[in-house]
Amino acid sequence: ADTLCGDRESERFEVDNTPPQVENLRAETPSAETRIRFLARDSFSAIVRAEYSLDAGDWKLVFPENRLNDSPAENYEIPFKDLVPGEHTMAVRIFDQFENSASAKVTFVVEGAKKK
């Protein structure tokens, strides 16, 4: 007879614990310019940030091809001119609007100057 009960209803909120995915990360080295390309995709929320690190250097912000991080799928292209010949490693990491993250890396070789 002395039992109390109560409840409270909150506003709607979203929970996203699923990380985004880095897809089709590749290095294209057809000439003196190297291009790193990849697709960032999230199944629930927008991609809000992408960063890269070349050869374990500092992380640098990169913008998608349309220059605006605002959708669940974004294409990225990172051009590099005159990289030193030899092997390089590119790491990328991406974040969705709930700060879930994913990372990937690709190793590629830049050929030296051609001898005539």
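Pro-19 is partly exposed, with a relative accessible area of 44%. The model is predicted. Pro-19 sits in the segment before β1, which spans residues 21-28. Beyond its neighbours within four places in sequence, Pro-19 is in contact with Asp-42, Asn-100 and Ser-101. Ser-43 is 24 residues from Pro-19 in sequence, yet their C-alpha atoms are 8.6 Å apart in space.

**Strand pairing**

β3 pairs with β6 in the antiparallel sense, over 7 bridges. In this pairing Arg-49 stands opposite Phe-95 in β6. β6 also runs antiparallel to β7, and 10 bridges join the two. Here Ile-94 stands opposite Ala-102 in β7. β6 and β7 form a hairpin with 4 residues between them. Glu-99 lies in the turn of this hairpin and has a positive phi of about 65°.

**Salt bridges**

The structure holds 10 salt bridges. Three of them are listed below, each with its N to O distance.

| Salt bridge | N to O distance |
|---|---|
| Arg-35 with Glu-77 | 2.1 Å |
| Arg-37 with Glu-77 | 2.6 Å |
| Glu-99 with Arg-49 | 3.6 Å |

Take the pair of Arg-35 and Glu-77, whose closest N and O atoms are 2.1 Å apart. Arg-35 lies in strand β2 (residues 33-41) and Glu-77 in strand β5 (residues 73-81), so this salt bridge ties together parts that are 42 residues apart in sequence. Arg-35 is partly exposed, at a relative accessible area of 24%. Glu-77 is partly exposed too, at 23%.

Arg-37 also forms a salt bridge with Glu-77, with 2.6 Å between the closest N and O atoms. Arg-37 is in strand β2 and Glu-77 in strand β5, so the pair ties together parts that are 40 residues apart in sequence.

The side chains of Glu-99 and Arg-49 meet in a salt bridge at 3.6 Å, N to O. This pair links distant parts of the chain, 50 residues apart. Glu-99 is in the loop between β6 (86-96) and β7 (101-110), while Arg-49 is in strand β3 (residues 47-54). Glu-99 counts as partly exposed, with 47% relative accessibility. Arg-49 is partly exposed as well, at 24% relative accessibility.

Some salt bridges share partners. They join Arg-26, Glu-28, Glu-33, Arg-35, Arg-37 and Glu-77 into one network.

**The nonpolar core**

In soluble globular proteins, nonpolar side chains tend to be buried together. The largest nonpolar core here has 19 residues. Phe-38 and Met-90 touch the most other members. β2, β3, β5, β6 and β7 each supply at least two residues of this core. β7 gives the largest share, 4 residues.

Met-90 has a long list of partners beyond its neighbours within four places in sequence: Ile-36, Tyr-52, Ser-53, Leu-54, Phe-80, Ala-104, Lys-105, Val-106 and Phe-108 are in contact with Met-90.

**Summary**

Two pairings involve β6: one with β3 over 7 bridges, and one with β7 over 10 bridges. Salt bridges tie β2 to β5 through Arg-35 and Glu-77. Another links Arg-49 in strand β3 with Glu-99 in the loop between β6 and β7. The largest nonpolar core draws on β2, β3, β5, β6 and β7, each with at least two residues.

Note on methods:
Residues are numbered from 1 along each chain as its sequence is written. This is a predicted model: local features need pLDDT of at least 70, side-chain atom pairs count only at pLDDT 80 or more; totals for chains, interfaces and linings use all residues. Side-chain values use heavy atoms; hydrogens and water are left out. Buried means under 20% relative accessible area, exposed over 50%, partly exposed in between (1.4 Å probe, protein chains only). Contact means heavy atoms within 4.5 Å. A salt bridge is a side-chain nitrogen of Lys or Arg within 4 Å of a carboxyl oxygen of Asp or Glu. A nonpolar core is a set of buried Ala, Val, Leu, Ile, Met, Phe, Trp, Tyr and Cys residues joined through side-chain atoms within 4.5 Å. Two strands pair if DSSP finds at least two bridges between them.
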